[in-house]
Amino acid sequence: MNNLIGIVAEKLGHSLSPYIHNYWSKKYNKNLKYQKFEISEKNLNIFFETFRKNKKFKGFNVTIPYKTNCMSYCDRITPKAKKIGSVNLVYKKNKVIIGDNTDVIGFEKSFRQLKKIQLKKILLIGAGGAARSILYYLNNKKIENIDVFATSLRRKENICNDFFIKNFVTKTSLLKKKYDLIINSSSGGMIGKLPLNRNIIKLVDGAKGVIDIVYNPEMTPLLNRAKKNSIPFVGGLTMLIEQAKPSFEKWSNSKINVDDKLYQLARNKLK
């Protein structure tokens, strides 16, 4: 019988995570089976208790909307995940449930793919869990001249208290005319979600680089605009696969590689 790993969310639809992890499990001959767990919020505590008792259940990823909720069910949170304020990786160590965050690693790989550009001004779209991981990384790199654009003021206080940013903006008319790097950490432009604001897409024309963490579609309107203007860009598949890698390494207790075949598999599943 396989050991169990998986992903937890309210709804998972066409998640690529099972394909990614089961590809690695087969490639590296690991006895791990990755599956989806669609759980309602009221049943999260029961799910965690089942996880605690099941020796075959090695761990799971967490995605929207439970990245914050799941923190309260963990026995220990890593300092990094605590600072970010969300967990996307849960595992056990001597029966102790630990919550960690690998989104930072995924973003770091995306960020490094862009050739070195002068980052005087950055625009970050979104103020959720992914945005917090990105701000954690940028602030650690001593990058603080960041405007955060979000349509809701609800998260403003927390983000401004926890990270160094320049401005929190809720209207596109208040954005600067030019940004060196534009990062989309929202679901804007994702299949089945609202499109990204057209005024933000226009800002791409003056940028030196664009990162979009949306991976479905692989080429979002934001990235298409960058491509049209020959501006370097990185799409969401990079972050998705690179944040998955440390999770699998933790559960399998081994080092693995990301290869082109996996990217091709992911692209085929998006079609």
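What follows is a walk through the salt bridges, one helix and a charged surface patch of a predicted model.

Salt bridges make a handy starting point, and the count comes to 12. One of them joins Lys208 to Asp180, with 3.3 Å between the closest N and O atoms. This pair links distant parts of the chain, 28 residues apart. Lys208 sits in the loop between helix H7 (198-203) and strand S11 (209-212), while Asp180 belongs to the loop between strand S9 (167-169) and strand S10 (181-184). The two partners differ in how well they are covered. Asp180 is buried, because its relative accessible area of 11% falls under the 20% cut-off. Lys208, at 36%, is partly exposed.

The loop that holds Lys208 turns up again in another bridge. Asp205 and Arg225 meet through their side chains at 2.8 Å, N to O. Asp205 lies in the loop between H7 and S11 and Arg225 in helix H8 (residues 221-228), so this bridge ties together parts that are 20 residues apart in sequence. Here both ends are partly exposed: Asp205 has a relative accessibility of 39%, and Arg225 has one of 25%.

A third bridge reaches further along the sequence. The side chains of Arg267 and Glu218 come together at 2.7 Å, N to O. Since Arg267 is part of helix H10 (residues 260-270) and Glu218 is in the loop between S11 and H8, the pair ties together parts that are 49 residues apart in sequence. Arg267 counts as partly exposed at 27% relative accessibility, and Glu218 does too at 28%. Elsewhere, salt bridges do not stay in simple pairs: Glu49, Arg52 and Asp75 are joined into one network by bridges that share partners.

Next comes helix H9, which covers residues 236-252. Its 17 residues reach 25 Å from the first C-alpha to the last, close to the 24 Å expected at 1.5 Å a residue. H9 is mostly covered, with 15 of its 17 residues buried. Lys250 in this helix is not among those buried residues, because its relative accessibility of 42% makes it partly exposed. Lys250 also has company on the surface, where it gathers with Arg76, Lys82 and Lys93 in a patch of positive charge.

Just past the end of H9 comes Asn253, with a positive phi near 55 degrees. Asn253 is in the loop between H9 and H10. Is this residue buried or exposed? With a relative accessibility of 71%, Asn253 is over the 50% cut-off and therefore counts as exposed.

Finally, two spacings help to place these parts in the fold. Asn253 and Lys83 are 170 residues apart in sequence, and their C-alpha atoms are 25 Å apart in space. The other spacing starts from Ile7, a residue of strand S1 (residues 3-9). Ile7 is buried, with a relative accessible area of 5%. Between the C-alpha atoms of Ile7 and Lys261 there are 22 Å, although the two residues are 254 apart along the chain.

Key: Residues numbered from 1 in each chain as written. Predicted model: local features only at pLDDT ≥ 70, side-chain atom pairs only at ≥ 80, totals over all residues. Heavy atoms only, no water. Patch = residues over 30% accessible without salt bridge, like charges linked within 9 Å, V, L, I, M, F, W, Y side chains within 5 Å. Areas by Shrake-Rupley, 256 points an atom, 1.4 Å probe, with all protein chains shown as cover. Salt bridge = Lys/Arg side-chain N within 4 Å of Asp/Glu carboxyl O. Lys, Arg positive; Asp, Glu negative; His and termini not counted. Charge placed at Lys NZ, Arg CZ, Asp CG, Glu CD. Helix = DSSP H or I, 4+ residues; strand = E, 2+ residues; numbered from the N terminus. Buried < 20%, exposed > 50% of the residue type's maximum accessible area, 1.4 Å probe, protein only. Expected span 1.5 Å × (residues − 1).
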